[in-house]
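Reader: Could you walk me through this protein and show me how each label is earned?

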Amino acid sequence: MPVSRNSAGQRAPRTDARRNAERILAVAEDVFAAGRHDVPLEEIARRAGVGPATLYRHYPSKDDLIAAVVRERYHEHVAPLLDEADADPDALRGLLRCFEAALEIRAQHLRVVITTRRLTAADNLTRTFFHRLGALLARAQEQGSVRPDLAAADLPRLLAMVAATIPFDDRAGWRRYLVLLADLLRGTPTGPLPPLPAEDADSLSADGPFRLD
């Protein structure tokens, strides 16, 4: 019987292996969302109904598990919206929907954001996210729906400004400030913006003020 392989030519995971990985991720996200980043991996395995060896086979370290949670959340909730935004003829509408999705994730998973360590996987996703938002911004400016002096490097800071309004006890208040941000983007400038700092003008660093993890 031929071995099932994926498009990269790698052996495709068995159904039970995929199911185990999904259970582990679901439990891990619940644990991290509760602020319990100190829970041993063995306890996560027990709650997921798998043996420790199974968990370590999928996720050799806690960093690997956290990175997998971040990737899963990104590919499930953010990546499809980016694709929809790219296809939306109204670039500003697509840009704002991506803003909303990123802030929604941050609000719903605030404790995960706070307890997540600095991870290469999260850095790469954040960088990809903002590069794609930069392309949406450029298209919106070409359409005349966004003030022309905004730069792609402004986007992480603008999102960070709204994200700073997300408290622990009322996680919906940030939507008010997203509306204000949308009005700011659409507004007619009253004068030129001060220039970006030289070190920021040509970069969208994953070390910036807003991260997807």
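What follows is a chat about the terms used for this model and the values behind them.

Author: Two ground rules before we start. This is a predicted model, where local features need pLDDT of at least 70 and side-chain atom pairs count only at pLDDT 80 or more, while totals for chains, interfaces and linings use all residues. Residues are numbered from 1 along each chain as its sequence is written, and side-chain values use heavy atoms, with hydrogens and water left out.

Reader: What pLDDT does the protein average, and what is pLDDT anyway?

Author: It's the predictor's confidence in each residue, from 0 to 100. The protein averages 80, and 73% of the residues score at least 70. Among the elements, helix α2 (residues 41–48) has the highest mean, 94, and helix α6 (residues 110–115) the lowest, 57. Over residues 1–5 the pLDDT is below 50, and beyond near neighbours in sequence that stretch has 7 contacts in the model. A contact means heavy atoms within 4.5 Å. Where pLDDT is low, the predicted coordinates should not be read in detail.

Reader: How many helices and strands does the protein have?

Author: There are 9 helices and 0 strands. Both are DSSP runs numbered from the N terminus: H or I over at least four residues for a helix, E over at least two for a strand. Along the sequence the pattern reads α-α-α-α-α-α-α-α-α.

Reader: Why is Leu 185 called buried?

Author: Buried means under 20% relative accessible area, exposed means over 50%, and partly exposed is in between (1.4 Å probe, protein chains only). Leu 185 has 0% relative accessibility, so it counts as buried. This leucine lies in helix α9 (residues 174–186). Leaving aside neighbours within four places in sequence, Leu 185 is in contact with several residues, including Leu 92, Phe 99, Ser 145 and Leu 158. Leu 185 and Leu 92 are 93 residues apart along the chain, yet their C-alpha atoms are separated by 8.7 Å.

Reader: What makes Thr 54 buried?

Author: Its relative accessible area is 14%, so Thr 54 is buried by that cut-off. Thr 54 sits in helix α3 (residues 52–58). Thr 54 and Asn 20 are 34 residues apart in sequence and 7.9 Å apart in space, C-alpha to C-alpha.

Reader: And why does Asp 88 count as buried?

Author: Asp 88 has 10% relative accessibility, so it passes the test too. You'll find Asp 88 in the loop between α4 (62–87) and α5. Apart from neighbours within four places in sequence, Asp 88 is in contact with Arg 93, Gly 94 and Arg 139. Across the 213 residues of the protein, 42% count as buried.

Reader: Now the helix pairs. What makes α1 oblique to α2?

Author: Two packed helices are described by the angle between their axes and the distance between the axes. The axes are lines fitted to C-alpha atoms, for helices over the stretch in contact, and angles run from 0 to 180 degrees between N-to-C directions. For helix α1 (residues 15–33) and α2, the axes come within 9 Å and cross at roughly 120°. Under 35 degrees counts as roughly parallel, over 145 as roughly antiparallel, 65 to 115 as roughly perpendicular and the rest as oblique. The angle falls in that last group, so α1 is oblique to α2.

Reader: Which residues of α1 and α2 meet?

Author: Arg 23, Ile 24, Val 27, Ala 28, Val 31 and Phe 32 in α1 meet Ile 44, Arg 47 and Ala 48 in α2. By class, this contact has 7 nonpolar, no polar and 2 charged residues. Nonpolar covers Ala, Val, Leu, Ile, Met, Phe, Trp, Tyr, Cys and Pro; charged covers Asp, Glu, Lys and Arg; the others, Gly among them, are polar.

Reader: Why is α5 called oblique to α8?

Author: The axes of helix α5 (residues 91–108) and helix α8 (residues 155–163) come within 11 Å and cross at roughly 45°. That angle fits none of the three named ranges, so α5 is oblique to α8. Phe 99, Leu 103 and Arg 106 in α5 meet Leu 155, Leu 159, Val 162 and Ala 163 in α8. Those residues divide into 6 nonpolar, no polar and 1 charged.

Reader: What makes α5 roughly antiparallel to α9?

Author: α5 and α9 pack at an angle of about 155°, with their axes 11 Å apart. The angle is over 145, so α5 is roughly antiparallel to α9. Among the residues that meet are Leu 96 and Phe 99 in α5, and Leu 181 and Leu 185 in α9. This contact has 11 nonpolar, no polar and 4 charged residues.
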